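Colleague: Got a minute to walk me through this one?
Modeller: Sure, let me pull it up.

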Amino acid sequence: MSSAQEAGLALDQQICFKLYAASRAIIRGYRPMLDALGLTYPQYLAMLVLWEWQASDPAQPTVKALGQRLMLDSGTLTPLLKRLEQLGLVRRQRASRDEREVHLGLTEAGRALRAQVPPLQQRLQCAADADAGELIELRERLDRLLRLLEG
């Protein structure tokens with residue numbers, strides 16, 4: 001194997017590792033905020049989508065649509081939603097016309113939780129001391145990468 005091939009196998013040369021490590025670091029940074037909300041990171045992401053949908057008023061949000069939005073399969077999403085339901089934040093209801101379809105809704109507590117997020121996010125952003133322009137550029141590059149990978 002050539003030295004160029006060897007260098008290509010080095011851990012620090014792997015984009016997938018850099019994305020994985022960055023993701024873990026970000027989630028670790030979110031932990032104090034999430035602990036204050038009583039949520040895990042995946043639960044928080046689900047709540048973000050449900051709050052987003054509440055604001056845009058989509059017709060009957062479903063578990064399937066949430067899974068697509070979060071890029072999660074039902075085996076991962078079902079226990080996550082069950083736990084959010086146990087926490088009193090979300091309600092699930094089978095559609096009357098098709099029992100395979102499960103509709104989602106926020107409870108009053110789920111809607112109220114949203115008000116607690118902005119101040120916690122603000123503290124997190126201040127603690128990170130990141131340049132907003134660089135973060136926007138990074139997000140746009142990651143969006144392009146995701147589109148390529150889903151391609």
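Colleague: Which residues touch the most other members of the largest nonpolar core?
Modeller: Met-47, Leu-66 and Leu-84, out of 28 residues in that core. A nonpolar core here is a set of buried Ala, Val, Leu, Ile, Met, Phe, Trp, Tyr and Cys residues joined through side-chain atoms within 4.5 Å. Keep in mind that this is a predicted model: local features need pLDDT of at least 70, side-chain atom pairs count only at pLDDT 80 or more, and totals for chains, interfaces and linings use all residues. Residues are numbered from 1 along each chain as its sequence is written, and side-chain values use heavy atoms, with hydrogens and water left out.

Colleague: Which element gives the largest share of this core?
Modeller: That's α3, with seven residues. Helices (H or I, at least four residues) and strands (E, at least two) are DSSP runs, numbered from the N terminus.

Colleague: And what is Leu-84 in contact with, leaving aside neighbours within four places in sequence?
Modeller: Leu-39, Gln-43, Ala-46, Met-47, Leu-89 and Val-90. Contact means heavy atoms within 4.5 Å.

Colleague: Switching to rings: how many aromatic pairs are there?
Modeller: Three. Rings of Phe, Tyr and Trp (its six-membered ring) pair if their centres lie within 6.5 Å; planes under 30 degrees apart are stacked, over 60 edge-to-face, and the rest tilted. One of the pairs is Tyr-30 with Tyr-41, edge-to-face at 5.6 Å centre to centre and 75° between the planes. Tyr-30 sits in helix α2 (residues 15-37) and Tyr-41 in helix α3 (residues 41-56), so this pair ties together parts 11 residues apart in sequence.

Colleague: Is Tyr-30 buried or exposed?
Modeller: Buried, at 18% relative accessibility; the cut-offs are under 20% relative accessible area for buried, over 50% for exposed and partly exposed in between (1.4 Å probe, protein chains only). Tyr-41 is partly exposed at 23%.

Colleague: What about the pair of Tyr-41 and Tyr-44?
Modeller: Their centres are 6.4 Å apart with planes at 40°, so that pair is tilted. Tyr-44 is buried at 1%. Ring pairs link Tyr-30, Tyr-41 and Tyr-44 into a cluster.

Colleague: Last thing, which element gives the most to the lining of the largest pocket?
Modeller: α8, with 10 residues. By class, the lining has 21 nonpolar, four polar and six charged residues. Ala, Val, Leu, Ile, Met, Phe, Trp, Tyr, Cys and Pro count as nonpolar, Asp, Glu, Lys and Arg as charged, and the others, Gly among them, as polar. On a 1 Å grid over the protein atoms alone, a pocket is an open set of points where a 1.4 Å probe fits, with protein on both sides within 12 Å along at least five of seven lines, and lining residues have an atom within 4 Å of a point.
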